[in-house]
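User: Hi! I would like to talk through the fold and the charged side chains of this model before I set anything up. Could you take my questions one at a time?

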Amino acid sequence: MTNSDRIIVPLDVPDLESAIALLDLLPEVNFWKVGLELFVSSGAEILGILQERQKKSFLDLKFHDIPNTVAGACRSASRYQVDLLTLHATAGRQALTAAKGAISDLLSPPKLLAITVLTSLNARELALDLKIPLELSEYALNLALLGKESGIDGAVCSPQEVAQLRRVCGEDFLLVCPGVRPSWSSKGDQSRVMTPAQALKAGADYLVIGRPITGAEEPKVAWAKICQELADI
């Protein structure tokens with residue numbers, strides 16, 4: 001797998017027509033993320049289109065509910081034959097264990113990823129707004145370990161936490177990092193960021209890179225520029 005295959009590009013668009021236009025614009029991209037906006041507006045049709053085009057898919061719906069509901073949602077989502085699927089670690093141990101159990105008998109289940117701390121949050125918001133009395137990095141690690149102990153395949157974390165999670169959770173624990181921004185792009189609403197090269201060197205398996213590519217004046221040029229930056233590491 002080349003480093004460009006480790007880039008996941010989000011289809012963060014409002015409708016199916018816009019998603020297909022983006023797929024057509026960037027045929028070089030092999031891994032796409034479908035999140036809440038597109039899935040709620042258009043349903044699962046985009047996942048079928050990705051399969052037809054032999055692309056990998058990351059269904060990022062961040063399930064967070066009682067154990068029975070989370071388990072049922074994960075099993076239902078598995079019918080779409082996606083590669084990655086997310087749920088919030090803060091749903092708790094029972095929900096995480098139930099989710100893994102619900103798909104364990106499937107022939108090709110998706111890899112389940114536990115959401116740790118959203119990359120839009122910073123330490124001040126964690127302490128003052130959410131009343132979490134831990135350092136942000138410690139809290140993210142605790143949530144990742146909860147996922148690992150519950151049988152979850154990996155975690156979604158900021159690149160700023162990825163080195164610690166890799167060290168503690170081991171090489172087989174999948175780590176996917178949003179909040180990745182090339183040095184030449186804007187941070188946007190991301191609070192905890194690294195460049196693509198820094199994130200891979202820190203231990204990330206996959207990088208989610210959206211607006212620096214899809215929001216660029218020339219997305220193909222931005223994609224090629226990032227791939228070139230990663231080619232030599």
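**Charged pairs and overall fold**

User: Happy to start with one side chain: is Lys 62 buried, partly exposed or exposed?

Analyst: Glad to help, and keep in mind that this is a predicted model. The relative accessible area of Lys 62 is 26%. Buried would need a value under 20% and exposed one over 50%, so Lys 62 counts as partly exposed.

User: Which residue forms a salt bridge with Lys 62, and what is the distance between the closest N and O atoms?

Analyst: The partner is Asp 60, which is buried at 6% relative accessibility. Lys 33 also belongs to the picture, since a network of salt bridges links Lys 33, Asp 60 and Lys 62. For the pair you asked about, Asp 60 and Lys 62, the closest N and O atoms are 2.7 Å apart.

User: Arg 75 forms a salt bridge with Asp 105; how many residues apart in sequence are the parts that this pair ties together?

Analyst: The closest N and O atoms of Arg 75 and Asp 105 are 2.9 Å apart. Arg 75 is partly exposed at 35% relative accessibility, while Asp 105 is exposed at 55%. Arg 75 sits in helix H4 (residues 67-78) and Asp 105 in the loop between helix H5 (93-103) and strand S5 (111-115), so the parts they tie together are separated in sequence by 30 residues.

User: Which helices hold Glu 149 and Arg 93, whose side chains meet in a salt bridge?

Analyst: This salt bridge has an N to O distance of 3.2 Å. Glu 149 is exposed, with a relative accessible area of 55%, and Arg 93 is partly exposed at 43%. The pair ties together parts 56 residues apart in sequence, because Glu 149 lies in helix H7 (residues 136-149) and Arg 93 in helix H5.

User: Zooming out, how many salt bridges does a search of the whole structure find?

Analyst: The chain carries 23 positive and 28 negative charges, with mean positions 4 Å apart. Searching the whole structure for salt bridges gives a total of eight.

User: And what is the radius of gyration of the chain?

Analyst: The secondary structure consists of 11 helices and eight strands. For 233 residues the globule rule gives 17 Å, and the chain's value is close to that, so the chain is as compact as a globular protein of that length. The C-alpha atoms fill a box of roughly 45 × 35 × 35 Å along the principal axes, and the radius of gyration is 17 Å.

Notes. Residues numbered from 1 in each chain as written. Predicted model: local features only at pLDDT ≥ 70, side-chain atom pairs only at ≥ 80, totals over all residues. Heavy atoms only, no water. Helix = DSSP H or I, 4+ residues; strand = E, 2+ residues; numbered from the N terminus. Rg over C-alpha atoms; globule rule 2.2 N^0.38 Å. Lys, Arg positive; Asp, Glu negative; His and termini not counted. Charge placed at Lys NZ, Arg CZ, Asp CG, Glu CD. Salt bridge = Lys/Arg side-chain N within 4 Å of Asp/Glu carboxyl O. Buried < 20%, exposed > 50% of the residue type's maximum accessible area, 1.4 Å probe, protein only.
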